[in-house]
Amino acid sequence: MAAIDMFLPRVRREKHYRGFNPLIKDFCDEELRQRYRFGRESIEFIANKLRADLKRNARKRTALSVVEQVMIALRFYGSGSQLQVVGDTMGYDKSTVSQVVRDVTDALVDRKDQNIKWPTERQKNINKRAFYEQAGFPNVIGCIDGTHVHIQAPTEDEPAYVNRKGFHSMNVQVICDSQGIITNVNAKWPGSAHDAHVFRTLAVGRYLEDNYQGIEQGLLLGDSGYPCRPFLLTPHRQPANRKQERFNRSHCSTSSTVERVFGIWKKRFHVLGSEVIHLFTTSISLQINTIGDFPKTAID
C-alpha cells in the first residue's frame, strides 16, 4: 500500500493569505485611532504622500497595497509591540512586518524636511504673539528640550547608550513652536550625551551661535541643562529677587510647551516608551525622526 502511495499525484494545498486591509473593515474613525493613531482621512493622506516609494508589483497576488503598508507601520509605531505581535494581530509574517516598517520609515524620513521646518519670519511673528499671550514672555519663537527614548542594549559601544537614570536610550532633542508643532528634531545621540552638547552640534545651534544679531530674531527657551546664550534663555538657578522669580515663573509656564509635546508624542506612539527599538543605530534614529513627522504630517 505504501508503494502505491508513492506513485499517486501530490495534491497542492491552496494558499491562504491572512492579511487584511483594515480600511475595508467597518472601523469607525475612533476605532481606527485606537488601533493606528489616525483616522481614515489622515491614513489615506499619509499613504498618498508615500505612494511613489511604496507602490509594489500589483501583479503579485501577495503584493501589499500602499495603505496596508502604512497601516502596518502605524500599528508598530502606535502599539510599541514586538514585530511578531504586530504580524500576528494583522495577519502577516514577522519578516514582512519588519521589511514594511523599514520601507515606510525610509520613505517618511526622505520627506522629513518637507514636514519639519524652521519657522519663516511670518511664523516667527505668530509664535512671538502666541507665546506672549500664554505667559507674558516676549520674543519667543520656540522651546527646546531633550527626552530619552528607551532602546534595547546595542552590541556596539553599549556604555555610551546608558543615560544618567541607568537605562539604555537615545537622547532626542526637539524644538517646537507655540502650537506644539515640531520645527527641529535630532535623534542621533546616545543616552549619555548631554543636552547642551547635543545642541552645540545641531546645525540650528551652530547657525545661531555664528549669525545671531539681536533679540528681534527671536529667542529659544530651554531648561537649566542648557547654557544661557543671547538666543537661548534659561531660568535663574537661584532667583535673588522678585523680578527673577517672576522671570522663572513666566519661563516655566512658556517652556512647558515642549514637555507637553513629549507627553503627547509618547502617549500617541508607544514605540517611544517601550524597548522594542533594537535595530542598529541608524534605524533607531530613522524611526524616531519618522515619529517626529506625524504631528505636522496629518492632524486629527
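Select R229 first. In this predicted model, R229 is partly exposed, with a relative accessible area of 31%. Now add E209. The side chains of R229 and E209 meet in a salt bridge, at 2.3 Å from N to O. The pair links distant parts of the chain: R229 sits in the loop between β4 and β5 (232-233), E209 sits in helix α10, and their positions lie 20 residues apart. E209 counts as partly exposed, at 41% relative accessibility.

**Helix α10**

Stay with E209's helix and select residues 203-211, which make up α10. Which residues of α10 are buried? They are V204, G205 and L208. Look down the helix axis. The buried residues of α10 fall within an arc of 105°, so they line one face of the helix. Turn to the other side of α10, where A203 and D210 are exposed.

Next, show what the buried residues of α10 pack against. Select β2 (169-176) and β3 (182-190), then α9 (195-201) and β4 (219-221). These four elements are the packing partners of that buried set.

**Helix α5**

Move to residues 83-90, helix α5. Color L83, V86, G87 and M90, which are buried. Why do they lie on the same side of α5? They cover an arc of only 100° around the axis, which puts them there. An α-helix has 3.6 residues a turn, so residues three or four places apart point the same way.

Add the neighbors: the buried residues of α5 pack against α2 (29-36), α4 and α6 (94-110). Then step just past the helix to G91. Its phi is positive there, at about 90°.

**The nonpolar core**

One of those α5 partners, α4, is the next stop. Select residues 66-79 to display helix α4. First, though, bring up the largest nonpolar core, which has 67 residues. Which residues have the most contacts inside this core? Pick out Y77, F199 and W265. The largest share of the core, nine residues, comes from α4. In soluble globular proteins, nonpolar side chains tend to be buried together.

**Two more salt bridges**

A search of the whole structure finds five salt bridges. You have seen the one between E209 and R229. Side chains of opposite charge can pair when their charged atoms come close.

Go to helix α8, residues 121-135, and select K124 and E121. They form a salt bridge, with the closest N and O atoms 3.4 Å apart. The two are three residues apart in α8, so about one helical turn separates them. Are these partners buried or exposed? K124 counts as buried, at 11% relative accessibility. E121 counts as exposed, at 54%.

Now select D113 and K112. Their salt bridge has its closest N and O atoms 3.5 Å apart. D113 is exposed, with a relative accessible area of 59%.

**Zoom out**

Finish with the whole protein as a cartoon. Its secondary structure comes to twelve helices and five strands. How many of its 300 residues are buried? The share is 47%. Switch on the surface: the accessible area comes to about 16700 Å². Carbon and sulfur atoms hold 50% of that area. Last, consider the contacts in the protein with a separation of 6 or more. Residues 24 or more positions apart account for 62% of them.

Definitions and conventions
Residues numbered from 1 in each chain as written. Predicted model: local features only at pLDDT ≥ 70, side-chain atom pairs only at ≥ 80, totals over all residues. Heavy atoms only, no water. Core = buried A, V, L, I, M, F, W, Y, C linked by side-chain atoms within 4.5 Å. Buried < 20%, exposed > 50% of the residue type's maximum accessible area, 1.4 Å probe, protein only. Arc of directions from axis to C-beta. Contact = heavy atoms within 4.5 Å. Areas by Shrake-Rupley, 256 points an atom, 1.4 Å probe, with all protein chains shown as cover. Salt bridge = Lys/Arg side-chain N within 4 Å of Asp/Glu carboxyl O.
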